Amino acid sequence: MKLKSPKHVEPTDAKERRETNVLVCYPTETLPKVDLAAAFTRRNGAEFFNSIIVPARHAGCVDVPAGYFARILSTEGPQVGDLNIWNTHNIAERFYSGKTRALHGTHVSTGDTLWSNLPYMRPLANITCDTLDWYGFDVDGGSVHDVIGTRCDPYTGRLLSGENYHQCCHSNLTRAMADHFDMDLSEAEMHVHDVMNVFMLTGFTHDTHQYFMKASPVRPGDFIELEAQTDITLGLSACPGGDCGDEHSSDTASCFPLKIEIYAPKSLDGFMPSKINLYDRSHGK
Ligand SMILES: [Zn+2]
């Protein structure tokens, strides 16, 4: 946080320095356009393929083949989900929350792409539907589906409270990943990464610019839908914070299961799986 009482005196040209132009760091006009109309056509003919239920305070993993659609659904009550994404065939390639945020903003919705990490950096999935798109940004600066937060984890919990808590999203994802990819917990943990906070309502406070959360507006029946751009595995944790309107990293909040439904398009005509980034990796040497 910035000091309330700065230790250094403003320079005489402080006003001038503050009033330079605001530039978007990464204008997205030259990014590959998400063709939502074509995706809707593929989605309209798609058939139910399979589904998983993610129990409250636990996580689950499911494979989504390239071109298939995954719907993350609220089923029984307001619940936030922490989402990890891996390339099914190479788990070193995974969701890059930070660059997704730099490109698309703090909160994502329909038409945004969920990108993978360097050196792969390509679309893992595109968001094709979001029933909470009506929410926009509220007076507190809050919105849903952030790519700001990291995931609730037992290490931060331990630092802040001195307690060990094992149902944090980090641990839930670690257990689910170990089961799904048949690996030890210690190995799985290294592949758990910063998340997309599905359905979570967050922002930054106006005064101290600290990360805040409010009760999620999600209700049973709401969903966010992704179209896989390569073969991906989703890991989803039903956060112990429930709707995250009170606290997380404890057993006190009301928590509900989440569901992921997978749909297989009848035809993949016109669908092109994403390719890894074309940068030559010579790094100027
Ligand atoms: Zn969590």
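**From a hairpin to the whole fold**

S9 and S10 form a hairpin with six residues between them, and His-209 in the turn has a positive phi of about 60 degrees. The model is predicted. The two strands pair in the antiparallel sense over four bridges. One of the pairs can be named: Gly-203 has Phe-212 in S10 as its bridge partner.

Stay with the turn for a moment. His-209 lies in the loop between S9 and S10. Its positive phi of about 60 degrees comes although the residue is not a glycine. Most residues other than glycine have a negative phi. Is His-209 buried or exposed? His-209 has 12 C-beta neighbours inside 10 Å, so it counts as exposed.

Next comes Tyr-211, found in strand S10, which covers residues 211-214. Tyr-211 counts as partly exposed because it has 13 C-beta neighbours inside 10 Å; the exposed class ends at 12. Leaving aside neighbours within four places in sequence, Tyr-211 is in contact with Ile-148, Gly-149, Thr-202 and Phe-204. Thr-202 and Phe-204 fall in strand S9, residues 196-204. Follow the chain 71 residues from Tyr-211 and you reach Ser-282. The C-alpha atoms of these two residues are separated by 38 Å.

Strand S9 also leads inward. The largest nonpolar core has 57 residues. Strand S9 (residues 196-204) gives five residues to this core, the largest share. Ala-70, Ile-72, Ile-85 and Leu-234 have the most contacts inside the core. In soluble globular proteins, nonpolar side chains tend to be buried together. What does Ile-85 touch, leaving aside its neighbours within four places in sequence? Ile-85 is in contact with Arg-94, Phe-95, Leu-114, Leu-124, Ala-125, Ile-232 and Leu-234.

Now turn to the sheet. Six strands form an open sheet, with antiparallel pairing, in the order S1-S13-S3-S11-S7-S6. Strand S1 (47-54) and strand S6 (113-115) are its edges, and each pairs on one side only. On average, neighbouring strands are turned by 25 degrees against each other, direction ignored. Helix H2 (residues 36-44) packs on this sheet. H2 touches strand S3 (69-74), S7 and strand S11 (223-228). The direction of H2 makes about 80 degrees with that of S7.

At the S6 edge, three bridges join S6 to strand S7 (residues 123-130), and the two run antiparallel. Thr-113 stands opposite Asn-126 in S7. The loop between S6 and S7 holds Pro-119. A cis peptide bond joins Leu-118 and Pro-119, with omega of about 5 degrees. Most peptide bonds are trans.

Another loop runs between strand S12 (232-238) and strand S13 (258-264), and Cys-244 lies in it. Cys-244 is not a glycine, yet it has a positive phi of about 60 degrees. Is Cys-244 buried or exposed? Cys-244 counts as buried because it has 24 C-beta neighbours inside 10 Å; the cut-off for buried is 20 or more.

Helix H5 (residues 169-181) comes next. H5 has 13 residues and reaches 18 Å from its first C-alpha to its last. That is close to the 18 Å expected at 1.5 Å a residue. The buried residues of H5 are Cys-169, His-170, Ser-171, Asn-172, Leu-173, Thr-174, Ala-176 and Met-177. What do these buried residues pack against? Their partners are strand S2 (59-64), strand S4 (81-87), helix H4 (154-161), helix H6 (185-189) and S12. Just after H5, Asp-182 takes a positive phi of about 55 degrees.

Finally, step back to the whole chain. The protein has six helices and 13 strands. Of its 285 residues, 41% count as buried. Contacts with a separation of 6 or more are 74% between residues 24 or more positions apart. Along its principal axes, the C-alpha trace spans about 65 × 45 × 45 Å. The radius of gyration is 20 Å. A compact globule with 285 residues would have one near 19 Å, so the value agrees.

Definitions and conventions. Residues are numbered from 1 along each chain as its sequence is written. This is a predicted model: local features need pLDDT of at least 70, side-chain atom pairs count only at pLDDT 80 or more; totals for chains, interfaces and linings use all residues. A nonpolar core is a set of buried Ala, Val, Leu, Ile, Met, Phe, Trp, Tyr and Cys residues joined through C-beta atoms within 7 Å. Two residues are in contact if their C-beta atoms, placed from the backbone, lie within 7 Å. Two strands pair if DSSP finds at least two bridges between them. Axes are lines fitted to C-alpha atoms, for helices over the stretch in contact, and angles run from 0 to 180 degrees between N-to-C directions. The radius of gyration is taken over C-alpha atoms; the globule rule is 2.2 Å times the number of residues to the power 0.38. The expected span of a helix is 1.5 Å times one less than its number of residues.
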